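These are my notebook entries on one protein structure. I record what I looked up, one topic at a time.

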Amino acid sequence: MRNITCTKATLLLWFSFARLAFASLLSNENYNHDFHITWSPNNVNTSTDGRSTSLKLDQQSGSAFGSNEMFLFGEIDMQIKLVPDYSAGTVLAFYLSSDDPNRDEIDFEFLGNVTGQPYILQTNVYTNGSGNREERINLWFDPTKEFHTYTILWNVYQIVFMVDWVPVRVYRNHVDKGVAFPIRQPMSLKVSLWNGGDWATRGGLDKVDFSKGPFIATFGEYKIDACVWKGNPRYCRLGSNSYWWNRPRFNTLNWAQRRLFKWARKYHMVYDYCQDYERFQGRVPKECSLPKY
């Protein structure tokens, strides 16, 4: 019995060490522990238990918070309740970003609206400092009435943007075909609320009206299941099956996800950079002609 107990204890110790070595984070869902305020502390209001927080935009300032850790691949889910009523000109950004000048970035941007108009979700992907990959959809629900879950799945095969588990965008890894993909730079999670009145709503025609403010977005439960960057890419990269998100079953959308993806794009997409031939003078980026899954 003593030998069995020792063996079990040794295995548990080894398993704990292996998890530490691979530096995977299953967050404790506490904003006070996992994040820090990066802009305007007076406009960030976190609950005492750390289970929820909010950002405010007023005439003096916007606000922002960011994760304490940096990540290289994983999945992040966050429940968000967007700015209600008149929100024209406001931008709520929920995104992953590296800190280098030639940054990689994976963006959710929620573009405020005039009361009664649909909220627009803009997504974008930056690689080596280059973006210009915007897509926009109209959300098919009122995102200000209750919390909805917004997800970024980022692995060695693809980036998937999801809204309540509906895939609304896929950006595949086509590095072998000469298309850049964010695969080397660790990124932190950042959230900000700011004045984008010069472009966000109807190309800047509808500005922020501070007489209708302050503008507040609220954040509820979240989950960070990702490889924490510790300076050695071999723990996170190269398709390691030590992490569930890099296993072969996550290298593309499954059949049910593909149906939802096609539905979202057919009925709710309002802009796709791959269809903007005028912008690119007839030469759209190479990934536009390659498979999404």
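**Entry 1. A buried loop residue**

I began with Thr127. Leaving aside neighbours within four places in sequence, I found Thr127 in contact with Arg103, Asp104, Arg133, Ala180, Phe181 and Pro182. I note here that the model is a predicted one. Thr127 sits in the loop between β8 (120-126) and β9 (135-138). Is Thr127 buried or exposed? Its relative accessibility is 4%, so I entered Thr127 as buried; the cut-off for that word is under 20%.

**Entry 2. An exposed loop residue**

I then turned to Asp99, which I located in the loop between β6 (90-97) and β7 (105-111). Its relative accessible area is 54%. Exposed means over 50%, so that word applies, and I entered Asp99 as exposed. Not counting residues up to four places away in sequence, Asp99 touches Met70 and Lys190. I also looked up a distance from Asp99 to Ser188. The two residues are 89 residues apart in sequence, yet 8.3 Å apart in space, C-alpha to C-alpha.

**Entry 3. The chain as a whole**

Next I looked up the totals. The protein chain has 3 helices and 15 strands. It consists of 293 residues, of which 50% count as buried. The chain exposes about 14700 Å², and carbon and sulfur atoms supply 52% of that area. I also looked up how far apart in sequence the contacting residues are. Among contacts with a separation of 6 or more, 67% are between residues 24 or more positions apart.

**Entry 4. Strand β11 and its partners**

I chose strand β11, residues 158-163, for a longer look. How many of its residues are buried? I found that 6 of its 6 residues are buried, and the strand is mostly covered.

I then asked which way the residues point. In a regular strand the side chains alternate between the two faces of the sheet. In β11, Gln158, Val160 and Met162 point one way, while Ile159, Phe161 and Val163 point the other way. All of these residues are buried.

On one pairing, β11 runs antiparallel to strand β10 (residues 148-154), with 5 bridges. Within this pairing, Leu153 has Val160 of β11 as its bridge partner. The connection from β10 to β11 is a hairpin through 3 residues.

β11 also pairs with strand β12 (residues 166-172), again in the antiparallel sense, over 6 bridges. Here the bridge partner of Phe161 is Arg169 in β12. These two strands form a hairpin with 2 residues between them. I noted Asp164 in that turn, where phi is positive at about 50°.

**Entry 5. Cavities**

How many cavities of 30 Å³ or more does the whole structure hold? The search finds 3. I followed up the largest cavity, which holds about 80 Å³ of space. Its lining residues are Glu135, Arg169, Val170, Tyr171, Arg172, His174, Tyr273, Glu287, Leu290, Pro291 and Lys292. Strand β12 gives the largest share of this lining, with 4 residues. Arg169 thus appears twice in my notes: it is the bridge partner of Phe161, and it is one of the residues that line the largest cavity.

**Entry 6. Disulfides**

I searched the whole structure for disulfides and found 2. With the bonded cysteines numbered in sequence order, the pairing is 1-2, 3-4.

One disulfide joins Cys227 to Cys236, with an S to S distance of 2.0 Å. The angle about its S-S bond is -65°, and the link is left-handed. Cys227 is buried, at a relative accessible area of 0%. Cys236 has 1% relative accessibility and also counts as buried.

The other joins Cys274 to Cys288, with an S to S distance of 2.0 Å. What is the handedness of the disulfide of Cys274 and Cys288? The torsion about the S-S bond is about -80°, so this disulfide is left-handed. Both Cys274 and Cys288 are in the segment after β15 (269-272), 14 residues apart. I entered Cys274 as buried, since its relative accessible area is 5%. Cys288 has 22% relative accessibility and therefore counts as partly exposed.

Technical notes: Residues numbered from 1 in each chain as written. Predicted model: local features only at pLDDT ≥ 70, side-chain atom pairs only at ≥ 80, totals over all residues. Heavy atoms only, no water. Buried < 20%, exposed > 50% of the residue type's maximum accessible area, 1.4 Å probe, protein only. Contact = heavy atoms within 4.5 Å. Areas by Shrake-Rupley, 256 points an atom, 1.4 Å probe, with all protein chains shown as cover. Disulfide = S-S within 2.5 Å. Pairing = 2+ DSSP bridges. 1 Å grid on protein atoms, 1.4 Å probe; cavity = no way out; pocket = protein on both sides within 12 Å on 5 of 7 lines; lining within 4 Å. Points joined across faces, edges and corners; volume = space filled by probe spheres on them.
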